[in-house]
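Trainee: I have a new structure open and would like to learn how to read it. Could we go through it together, one question at a time?

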Amino acid sequence: MSSPSIRDILAVSKNKGAAMIGETGPMKAIRNIALGLTLTLTGASCMTHPSLAQAQAVSPTTTAVMVIITVKAGATREQVMAVMPAEIRQTVQLYLNGKIREWYLRGDGRGVVLLLDTRDVAEAQAIMEGLPLAKQNLMDHEYIAVGPLLPLRLLMGNP
C-alpha cells in the first residue's frame with residue numbers, strides 16, 4: 001500500500017471542514033502536516049537515540065538569541081521617548097555591525113523583538129545592557145537562545 005500524497009492529505013483535510021477562522025483547508029493541512037512531522041521526529045529522536053536526544057536537549061547549537069523587549073511597568077511614554085533618539089542610533093549601528101539580524105515591533109505595541117546574531121545569552125545581555133533604554137532601566141528583557149530544529153537531522157539520515 002502506497003503512502004498518501006500531499007494532494008490526498010489536502011483533499012481529506014479540506015473535506016473535514018473544521019478550519020480555523022481565516023484558515024483555508026490547504027493551509028490547515030499544511031500546518032497539521034508540519035506539526036505532526038515535528039512531533040513525530042521529536043518523539044522518534046527520543047525513542048531511537050535517547051543519548052542523542054538527551055545531549056541535544058542539554059546543549060543544542062545556539063545560532064542566535066531572541067530578545068523580547070517590553071516597556072517596564074510604570075515607565076511613561078515621555079520617559080521612553082526622551083531616550084528614543086539615542087536608542088535608535090545605537091540600535092541601527094548594531095544592525096549595521098551585524099549584531100541585530102532581524103527586528104520586529106511587538107503586536108501589543110509595548111516593545112520590540114530582536115534576533116541577535118550571538119552565540120549565547122550572556123553576549124546578548126551584554127549588548128542589550130549597553131543600550132540607552134536599558135541603562136535608564138525602562139525596559140524588561142527576555143532572552144531565548146535559538147538554533148536549528150534538531151529532529152530534522154533524521155530526515156537527512158544523519159542522527
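Trainee: What percentage of the 159 residues in the protein chain is buried?

Mentor: Good place to start, and do keep in mind that this is a predicted model. A residue counts as buried when its relative accessible area is under 20%. In this chain of 159 residues, the buried share is 26%.

Trainee: How many helices and strands are there, and in which pattern do they follow each other?

Mentor: The protein chain holds six helices and four strands. Walking along the sequence, you meet them in the pattern α-α-α-β-α-β-β-α-α-β.

Trainee: What share of the contacts with a separation of 6 or more joins residues 24 or more positions apart?

Mentor: Here we set aside contacts with a separation below 6. Contact means that heavy atoms come within 4.5 Å. Among the contacts that remain, residues 24 or more positions apart account for 67%.

Trainee: Let's turn to the outside. How much of the accessible surface belongs to carbon and sulfur atoms?

Mentor: The accessible surface of the protein chain comes to about 10,600 Å². Of that surface, the part belonging to carbon and sulfur atoms is 61%.

Trainee: Which element gives the largest share of the lining of the largest pocket?

Mentor: The largest pocket holds about 500 Å³ of space, and 23 residues line it. Four elements each give two or more residues to this lining: β1 (64-71), α4 (77-96), β2 (100-105) and β3 (111-116). With eight residues, the largest share comes from α4.

Trainee: Which residues of that lining lie nearest the centre, and how does the lining divide into nonpolar, polar and charged?

Mentor: Nearest the centre of the largest pocket you can look for Met84, Gly111, Val112, Leu133 and Met139. Sorted by kind, the lining residues are 16 nonpolar, four polar and three charged.

Trainee: How many salt bridges are there, and which residue does Lys72 meet in one?

Mentor: The count comes to four salt bridges. In one of them, the N to O distance is 2.8 Å, and the side chain that Lys72 meets is that of Asp140.

Trainee: Why does that pair tie together separate parts of the chain?

Mentor: Look at where each partner sits: Asp140 is in strand β4 (residues 139-146), while Lys72 is in the loop between β1 and α4, so the salt bridge ties together parts whose separation in sequence is 68 residues. Asp140 is partly exposed, because its relative accessibility is 36%. Lys72 has 23%, so this residue too counts as partly exposed.

Trainee: Where do Lys99 and Glu123 lie, and how many residues apart are they?

Mentor: The side chains of Lys99 and Glu123 meet in a salt bridge, at 2.8 Å from N to O. This pair links distant parts of the chain, with Lys99 in the loop between α4 and β2 and Glu123 in helix α5 (residues 121-129); their separation is 24 residues.

Trainee: Is Arg106 buried or partly exposed?

Mentor: Arg106 forms a salt bridge with Asp108, and their closest N and O atoms are 2.5 Å apart. Asp108 has a relative accessibility of 43%, so Asp108 is partly exposed. Arg106 has 18%, and because the cut-off for buried is under 20%, Arg106 counts as buried.

Trainee: Which residues does Thr70 contact, leaving aside its neighbours within four places in sequence?

Mentor: Find Thr70 in strand β1. Its relative accessible area is 14%, so Thr70 is buried. With those neighbours left aside, the contacts of Thr70 are Arg106, Arg110, Leu138, Met139 and Asp140.

Trainee: Which residues does Thr91 touch, not counting residues up to four places away in sequence?

Mentor: Thr91 sits in helix α4. Thr91 is buried, because its relative accessibility is 11%. Not counting residues up to four places away, Thr91 touches Ile100, Trp103 and Leu131.

Trainee: How far apart are the C-alpha atoms of Tyr143 and Leu115?

Mentor: Tyr143 is part of strand β4, and residues touched by Tyr143 include Val65, Val67 and Met128. Along the chain, Tyr143 and Leu115 are 28 residues apart, and the distance between their C-alpha atoms is 9.8 Å.

Trainee: One last one: what is the phi of Asn137?

Mentor: You will find Asn137 in the loop between α6 (132-135) and β4. Asn137 is not a glycine, yet its phi is positive, at about 60°.

Terms used. Residues numbered from 1 in each chain as written. Predicted model: local features only at pLDDT ≥ 70, side-chain atom pairs only at ≥ 80, totals over all residues. Heavy atoms only, no water. 1 Å grid on protein atoms, 1.4 Å probe; cavity = no way out; pocket = protein on both sides within 12 Å on 5 of 7 lines; lining within 4 Å. Points joined across faces, edges and corners; volume = space filled by probe spheres on them. Nonpolar A, V, L, I, M, F, W, Y, C, P; charged D, E, K, R; others polar. Buried < 20%, exposed > 50% of the residue type's maximum accessible area, 1.4 Å probe, protein only. Areas by Shrake-Rupley, 256 points an atom, 1.4 Å probe, with all protein chains shown as cover.
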